[in-house]
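Open the model in your viewer and keep the sequence beside it. This tour goes through a pair of helices and then through a contact between chains.

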Amino acid sequence: MKLLFHTISRIAVISVLFVIATTITTHAQDPRIRLAHLDYLAKKASETVDVNIDERLIQLAAKLFNDKDEDEAKVKKLVNGLKGIYVKSFEFENENDYSLADVDSIRSQLREPAWSRLVNVTSKRDGVVEVYIALNGSDVLGLAVLSAEPKELTVVNIVGPVDLEKLAKLEGNLGIPDLGIEPTKHKTKNEQ
Amino acid sequence: MKRSGSIKLVTVLLAVTLWSTISFANGDDFNSVVKMIEQFYSVKHEGLPFLAKAAMKAAGAGARIKGGDAKRFAEAGSIKLATFENQEFKGDFIKFRQMLNDSLTQTWMPLVQTLAAPDQEQCYIFVRENGDKFRVLVVTIEPHDGTVIQATVSPKNLALLMKDPEEGAKAITQEATIIDQE
């Protein structure tokens, strides 16, 4: 009887630990970043753009878009395999209408080990442009772009397999602003 | 006998409940959005869906007569339009946005939302599947005017809308309001 009780207890503890571990791992690998807390900035912004192309819409698009039609085929190719495209962009009349805390609230979600910042990327835009990638081994899970200019704050979050080339093609499409992102030549340690 | 009567009654009740659920899910979110705007902003709409539909059909026929060159976004006869003209849209637009999203996101997918605080301008585009086509709901609110448009679009036009949502929404709104004026 005691043995049976011990065995059941052990199984219960292992199950709970397994559930906790799975939850933590899933959360760490979730390349969707939270943006809703920035919504309060819409009251100060001269323009707010919020794009939500979720998995349902991408799947519908992939299912219904015709490969023989040029417009449909282009969009289908771009969104193929993606699980979501989310953009939040604020334009302000004045500088400092958003705070460093707003920027940090995004950066804090883009930390290692789930996310890595790509250093070999520059932008034609003024201000800070940071590109982050979420990897699981060699698989790309998602990408995030944080662009903080004096009067503009933009966050782009693409969930799914995406690279810089695809990001460049997506700029100006699907509600993603033209961020002027371009990969630079990889620097060696001696050059840095 | 009593048991079979109860079963029939339960079946009828279930059927009625199911029918009303399906009707709500499929359907008249257009009207509920118009009502929501009216209640939130204390405004009154002017809707001409029947005339808009008729004009849309006429425009479609016109396009065909011209050789089909005239480009249209919405499918013929699919437009539902409600306009609010020369009225005051005063209220917390963040609150309105929240209300709108809460009521629609169960059945519609929010595609793009743009807001401009100085003039309290708002534009919302929602999309949902409608057989082999898509249904688009565009809500535009400006300081003194507003429009609610529901239209069915082909996958090709949804592709165009997804590529450039802002321009797509403008095209749908223009199409619906120009037809309304004809």
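A crossing of two helices is called right-handed if the near helix is turned clockwise from the far one by less than a right angle, and left-handed if it is turned anticlockwise. Keep in mind that this is a predicted model.

**Stop 1: two helices in chain B**

Select residues 29-41 of chain B, which form helix α2, and residues 93-104 of chain B, which form helix α4. Their axes come within 11 Å and cross at roughly 155 degrees. An angle over 145 degrees counts as roughly antiparallel, and α2(B) and α4(B) are therefore roughly antiparallel to each other. The crossing in which α2(B) passes α4(B) is right-handed.

Now show the side chains at this crossing. From α2(B), pick B:Asp29, B:Ser32, B:Met36 and B:Phe40. From α4(B), add B:Phe96, B:Met99, B:Leu100, B:Ser103 and B:Leu104. Coloured by class, these contact residues are six nonpolar, two polar and one charged.

**Stop 2: where chain A touches chain B**

Next, display both chains. Here 28 residues of chain A are in contact with 21 residues of chain B. On the chain A side, select β1 (47-54), α2 (55-64) and α3 (70-79), the elements that give two or more residues each. Which of them gives the most? That is β1(A), with eight residues. By class, the side of chain A that touches chain B has 12 nonpolar, six polar and 10 charged residues.

**Stop 3: strands across the chains**

Keep β1(A) selected and add strand β3 of chain B, residues 109-116. Four bridges join these strands, which run antiparallel. To finish, label A:Asp50 and look for B:Gln113 in β3(B), which stands opposite.

Terms used: Residues numbered from 1 in each chain as written. Chains lettered and ligands numbered in written order. Predicted model: local features only at pLDDT ≥ 70, side-chain atom pairs only at ≥ 80, totals over all residues. Axes fitted to C-alpha atoms, helices over the stretch in contact; angles between N-to-C directions. Parallel < 35°, antiparallel > 145°, perpendicular 65-115°, else oblique. Contact = placed C-beta atoms within 7 Å. Nonpolar A, V, L, I, M, F, W, Y, C, P; charged D, E, K, R; others polar. Pairing = 2+ DSSP bridges.
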